[in-house]
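Hello,

Here is the structure I promised to pass on to you. Have a look at it first, and then read on for my notes.

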Amino acid sequence: MKNAQTHTKLADFGRELLYKTSLAEGLPLVSKYAKEIIGADRCSMFIYNPDKNEFWTTLADGVDRIVISADKGIVGETLRTKKPILENAVHSNPYFMGDLDKITGYTTKNVITAPIFDYKKEVGGVLELLNKEGGFQESDLKYMKFFAQYVGEFIELINLHETK
């Protein structure tokens with residue numbers, strides 16, 4: 001039954017996203033559904049700026065904007081490897097940036113990331129979820145990849161729409 005409910009929510013998400021015409025409208029929707037389906041507390045979307053070799057958040061629950069060097073943190077490792085990362089013991093991960101917790105006042109316990117690819121198959125950003133009760137599971141990776149793919153395609157569509 002849970003599987004059927006998840007598929008229904010994913011279909012609802014896809015239909016709702018079709019009617020969004022800007023990043024400001026669409027990205028919060030991605031966050032809402034990703035957190036609900038996977039069961040995370042927070043969601044962030046980091047956009048990669050290759051000219052400055054840094055990430056900045058287009059969306060970060062509870063924080064205005066985060067800017068970090070692209071060679072730092074778990075999101076930086078996601079960019080480097082071009083692969084999702086699932087980490088349920090963040091404080092033992094050498095890439096974890098505990099300083100961000102101090103700055104934001106939020107305690108990160110576990111994290112899951114997925115690269116957001118552009119049409120050239122280059123990493124244009126990273127989708128990140130934080131703090132799932134009981135920890136993230138391997139099965140959560142397929143949903144992260146799904147949402148990251150949708151974000152990449154949505155950004156491409158918005159860019160096409162804006163350049164017309």
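Below is what I found, starting with charged pairs and moving on to strands and cores.

Please keep in mind that this is a predicted model.

**Salt bridges**

A search through the whole structure turns up five salt bridges. Let me walk you through some of them.

One brings together the side chains of Lys9 and Glu36, with N to O at 3.1 Å. Lys9 sits in helix α1 (residues 2-18) and Glu36 in helix α2 (residues 23-38), so this pair links distant parts of the chain, 27 residues apart. As for their surroundings, Lys9 is partly exposed at 30% relative accessible area, and Glu36 is partly exposed too, at 39%.

Another salt bridge joins the side chains of Arg80 and Glu77, at 2.8 Å from N to O. Here both partners belong to helix α3 (residues 73-81), where they are three residues apart, or about one turn of the helix. Are these two buried or exposed? Arg80 is exposed, because its relative accessible area of 58% is over the 50% mark. Glu77 has a value of 11%, under 20%, and therefore counts as buried.

There is also a salt bridge between Glu122 and Lys82, whose closest N and O atoms are 3.7 Å apart. Glu122 is in the loop between β5 (111-117) and β6 (123-132), while Lys82 is in the loop between α3 and β4 (85-87), so the pair ties together parts of the chain that lie 40 residues apart in sequence. Glu122 is partly exposed, with a relative accessible area of 40%, and Lys82 is partly exposed at 39%.

**Strand β6 and its partners**

If you pick one strand to look at, I would suggest β6. How many of its ten residues are buried? Nine of them are, so the strand is mostly covered.

Strand β1 (residues 40-49) runs antiparallel to β6, and seven bridges join the two. Within this pairing, Met45 stands opposite Leu127 in β6. β5 is also antiparallel to β6, again with seven bridges between them, and Thr113 is found opposite Glu128 in β6. The hairpin made by β5 and β6 has five residues between its strands, and Lys121 there takes a positive phi near 70 degrees.

**The nonpolar cores**

As general background, nonpolar side chains in soluble globular proteins tend to be buried together. In this model, the largest nonpolar core holds 30 residues. Which of them touch the most other members? Met45, Leu127, Leu129 and Phe147 do. Two or more residues of this core come from each of α1, α2, β1, β5, β6 and α5 (140-163). The biggest contributor is α5, which gives nine residues.

Met45 deserves a second look, since you have already met it opposite Leu127. Leaving aside residues up to four places away in sequence, the contacts of Met45 include Leu27, Val30 and Ser31. Trp56, Thr57, Thr58 and Leu59 are also among the residues that Met45 touches, as are Val126, Leu127 and Val151.

Apart from this core lies another one, made up of ten residues, including Phe46, Ala60, Ile66 and Ala70.

Happy browsing, and do write back if you would like to talk any of this through.

Best wishes

Terms used
Residues numbered from 1 in each chain as written. Predicted model: local features only at pLDDT ≥ 70, side-chain atom pairs only at ≥ 80, totals over all residues. Heavy atoms only, no water. Salt bridge = Lys/Arg side-chain N within 4 Å of Asp/Glu carboxyl O. Helix = DSSP H or I, 4+ residues; strand = E, 2+ residues; numbered from the N terminus. Buried < 20%, exposed > 50% of the residue type's maximum accessible area, 1.4 Å probe, protein only. Pairing = 2+ DSSP bridges. Core = buried A, V, L, I, M, F, W, Y, C linked by side-chain atoms within 4.5 Å. Contact = heavy atoms within 4.5 Å.
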